[in-house]
Structures are given as C-alpha cells and as structure tokens.
Amino acid sequence: MKRWRSPNVVIAVPGASLKKLFMLIILGCMMMFMLVGALTSLRPEYRPSSSSLNDMAAHFPEEMFIRLFGLENRYFLQMLPKERQQTNYSSLLFRLATSINPDDPRSLLGSELPGFALYDSKILIAGEGTDYTNIPYESAPPLEVMLAERQASVEELEQAEQTQDEKALPPPKQTTQGRKVVYIYHTHTRESYLPALKGVTDPNLAFHRSVNVTKVGEKLMEELEKRGIGAQVNKTDIEAELLKKGMTYAQAYNMSRQTVVAAMKQNRDLQYFIDIHRDAHRRKYTTTTINGVDYARVAFIVGGENAEYEKNLQLATELHHLLQKKYPGLSRGVMKKQGAGTNGKFNQDLSGNAILVEFGGVDNTFAELFRSATAFADVFSEYYWQAEKVEAPAPAEKK
C-alpha cells in the first residue's frame with residue numbers, strides 16, 4: 001500500500017507587502033491627524049458643535065436609543081409602551097433619508113416655510129386653549145427700534161400701581177430673615193406693552209427703554225417680599241449693553257448670563273432664578289378673566305439643552321399646577337424649546353431652580369400684568385415655604 005506524503009506548504013510574505021502595510025498605517029495616522037487639525041482650525045461657525053450633533057441626533061426617534069440599550073438588556077424595553085416595542089425600520093429609514101417624521105406633520109413644512117421653526121417647540125403641559133398655533137414666541141426688534149426713544153404713558157403705569165397698592169397683606173408669618181433668595185432678571189429688557197406706548201399700534205414696535213417688562217419684575221419682587229421671601233431684581237439694560245459691545249440681539253442670553261453668574265458669586269443665598277419676558281402674541285391668547293377681572297396669562301419655557309432640564313421642568317410643572325388650582329386659566333402651560341433657531345439653554349443650566357416666564361403679550365395692560373405678578377407670587381410663596389419645610393433638617397432629639 002502506497003503512502004502519499006503531502007508536501008509542506010510554506011506561506012511566505014514578501015518583504016514588499018510588509019512595507020506596503022507599514023506605509024498604509026503611517027498614512028492612516030497622518031490623515032487622521034490632518035483631519036483633526038483641519039476641524040479644529042476651522043472658524044467657529046463651521047466647526048461641528050454640540051448643537052449640530054444635537055440636530056443630527058434629533059433625526060433618530062427617542063425610542064431608538066432605548067432599543068439600542070435593549071439589545072444588551074431587555075429590561076430597558078419595558079420603558080416603552082407595548083405597541084411601540086417593535087422597531088418600525090421602514091419609518092426609521094424614511095426619516096433618516098428625508099428628515100421627515102411621519103408622526104409629526106410639522107417636519108414636512110419646517111424647512112420650507114420661513115419662520116415655521118418658531119413652532120418647533122414642544123408643549124409638555126398644555127394650559128387652557130394652548131396648542132401649536134399659539135405657543136409663545138418672541139420677535140426681535142429692528143435696530144432702529146432699539147435705538148429709538150418712544151413716548152410712554154406714565155399715567156397708565158401709575159394707575160396700575162395705585163390700584164395694586166390698595167390691597168394690603170398682613171405681616172408674613174415666616175420670612176427669609178433678610179436673605180435674598182430669589183433673583184429676578186430680564187434677558188430682553190426692553191420688551192414692552194402697547195397700552196403703555198402712546199401712538200404705537202404695531203406689535204413689532206412694542207419696545208421701550210424704561211417702561212417695559214422690568215416693571216413686572218419689580219412688582220413680583222415687591223409681592224414676594226410681602227410674603228416674607230427676600231428677592232432682588234436686576235434691571236440691566238441688556239439691549240444697551242449689546243449695542244455698546246457690538247453684539248447681536250441673538251446674543252442677549254450670553255449677556256444676561258453674565259449678570260446671573262455675577263449675582264451667584266456675590267450672594268450665596270440665592271436659590272431661585274426667574275427670567276421674565278413678554279410674549280409677542282395678541283390679547284385673545286394672552287388674557288384670561290378670573291372672577292370678573294382680567295389677568296395677563298403666563299407661560300413657562302424650559303430649555304431642553306441643559307443638564308438641569310429635569311429639575312427645571314419639575315419646578316415649572318409644580319408652579320403650573322398650583323396656578324391652575326388657585327387661578328384657573330392663568331397658566332398657558334409648560335413648553336420645551338431646543339434645537340435650531342432658539343437658545344436651548346436660557347441660562348437654566350446654571351441652576352436646577354431656574355425658570356423663564358412669559359408674562360402677558362403685547363396687548364396687555366400693566367394692571368393685568370400686576371395682577372398676574374401678584375398671583376404668581378402667591379403660588380410661588382406657597383411652593384417655596386413647602387419646599388423649605390421639606391428640606392429643613394429634623395430637630396435634634398433631647399437626651
């Protein structure tokens with residue numbers, strides 16, 4: 001019987017192939033360093049940023065990230081409703097290819113209609129009559145409006161102040177003992193109201209250097225202190241500072257942020273930060289009647305692009321519910337704003353107790369605004385003292 005001996009097979013790697021492989025590795029490293037260098041040397045507006053990455057991630061459904069975790073741990077899938085636990089790959093591919101979300105018709109028109117991005121906000125809690133056609137929005141004033149001096153009706157403001165002063169409150173049972181714990185400021189300082197501007201009827205011109213939304217902030221501070229809560233209001237003319245430094249109106253939050261940071265460093269007692277604005281909507285959306293008296297409605301705006309989002313949302317939600325309970329219809333709800341065309345932070349990343357509140361619209365009177373500031377102070381004080389009671393340390397037991 002013959003035995004066949006298989007020849008030894010020797011695989012030899014030529015030296016030339018090793019050199020090519022080595023050169024490819026070197027070239028790959030060089031290209032990587034060149035790419036990183038190019039990205040970091042670009043002008044800021046052309047660099048990939050957190051906002052651009054956020055926009056890219058926004059094309060993915062929120063459930064998709066949960067499903068990705070679910071591939072490793074099925075427990076995460078329990079967070080989704082049963083009917084949505086199966087991935088709709090056709091819908092996902094369509095959304096990635098076209099940037100259109102079949103579940104949101106606004107995505108079909110968002111990039112086609114000018115100004116439609118204003119309605120990209122998300123209504124988290126809808127107040128009475130609130131929908132996507134009337135969510136709060138702010139219009140930037142033309143440069144000539146920022147520079148112009150306009151005549152204001154001081155009589156209307158004085159009458160509103162006198163009417164409110166007639167309502168006296170008994171001395172508060174508890175106080176912050178002189179500590180200022182609430183910081184009130186205004187990013188868009190010159191936002192004003194048409195009834196206080198003589199001869200002005202165009203809502204796009206509702207701006208004034210001194211008779212503006214800062215009066216609402218002053219009223220809120222007074223009402224909080226009547227209830228024992230120390231507050232301070234900052235009336236820095238942000239628009240004037242922007243003009244002085246050659247900055248644009250879109251950079252107003254960068255400027256107001258400096259005032260908040262400075263206040264936090266100067267006063268360690270500050271716990272709550274309230275940025276007061278005025279909505280650009282007309283009267284029918286921003287006014288309500290309670291017990292036969294007109295009030296300027298309020299709306300809470302929460303920035304969706306900051307690390308304190310959940311805490312900010314909790315604070316806004318609780319204040320909304322308190323307003324609904326004591327002053328039905330006063331709150332327009334809680335809205336989340338993020339993405340292109342908006343700030344997304346609103347300085348709320350500085351504190352978990354930071355909120356932005358829209359007080360009324362361009363057609364509201366100061367009498368209506370002051371009533372709303374009083375109502376807001378009423379429910380805020382209730383929330384504040386309850387929170388202090390919960391957070392207060394338990395008394396030490398006697399031995």
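**Figure 1. A close-up of F22 and its neighbors on helix 1.** F22 is exposed, with 52% relative accessible area, just past the 50% cut-off. This is a predicted model, so keep that in mind for every view here. You'll find F22 in helix 1, which runs over residues 15–41. F22 also belongs to a nonpolar patch on the surface, together with M23, L24, I26, L27, M30 and M34. Taken together, the patch residues have about 730 Å² of accessible area.

**Figure 2. The whole chain, to get your bearings.** Before zooming in again, here's the protein chain with its 13 helices and nine strands. Of its 399 residues, 41% count as buried. The chain exposes about 23,700 Å², and carbon and sulfur atoms supply 57% of that area. Look at contacts between residues at least 6 apart in sequence, and 76% of them join residues at least 24 apart.

**Figure 3. S381 in helix 13.** This view goes to helix 13, residues 366–391, where S381 has its place. S381 is buried, with a relative accessible area of just 7%. Leaving aside residues up to four places away in sequence, S381 touches R227 and I229. E223 is also worth finding here: E223 and S381 sit 158 residues apart in sequence, but their C-alpha atoms are 9.5 Å apart in space.

**Figure 4. A salt-bridge network with E223 and R227.** Two residues from the S381 view come back here, along with a couple of new ones. K219, E223, K226 and R227 are linked in a network of salt bridges. In general, side chains of opposite charge can pair when their charged atoms come close. Across the model, the count of salt bridges comes to 15.

**Figure 5. R190 and D237, a buried pair.** R190 forms a salt bridge with D237, and their closest N and O atoms are 2.9 Å apart. R190 lies in the loop between strand 2 (180–185) and helix 8 (214–226), while D237 lies in the loop between strand 3 (230–233) and helix 9 (238–245), so this pair ties together parts that are 47 residues apart in sequence. Are these two residues buried or exposed? R190 is buried, and so is D237.

**Figure 6. D294 and R283, a partly exposed pair.** Here the side chains of D294 and R283 meet in a salt bridge, at 3.4 Å from N to O. D294 lies in strand 6 (residues 293–296) and R283 in helix 11 (residues 283–286), so the pair ties together parts that are 11 residues apart in sequence. D294 is partly exposed, with a relative accessible area of 28%. R283 is partly exposed too, at 29%.

**Figure 7. K311 and E308, one more salt bridge.** In this pair, K311 forms a salt bridge with E308, and the closest N and O atoms are 4.0 Å apart. K311 counts as exposed, at 53% relative accessibility. E308, on the other hand, is partly exposed, with a relative accessible area of 21%.

**Figure 8. Helix 9 and the glycine just after it.** Which residues of helix 9 are buried? They are I238, E239 and L242. These residues cover an arc of only 100 degrees around the axis, which puts them on the same side of helix 9. Follow the chain onward and you come to G246, just after helix 9, which takes a positive phi of about 70 degrees.

Terms used
Residues numbered from 1 in each chain as written. Predicted model: local features only at pLDDT ≥ 70, side-chain atom pairs only at ≥ 80, totals over all residues. Heavy atoms only, no water. Helix = DSSP H or I, 4+ residues; strand = E, 2+ residues; numbered from the N terminus. Buried < 20%, exposed > 50% of the residue type's maximum accessible area, 1.4 Å probe, protein only. Contact = heavy atoms within 4.5 Å. Patch = residues over 30% accessible without salt bridge, like charges linked within 9 Å, V, L, I, M, F, W, Y side chains within 5 Å. Areas by Shrake-Rupley, 256 points an atom, 1.4 Å probe, with all protein chains shown as cover. Arc of directions from axis to C-beta.
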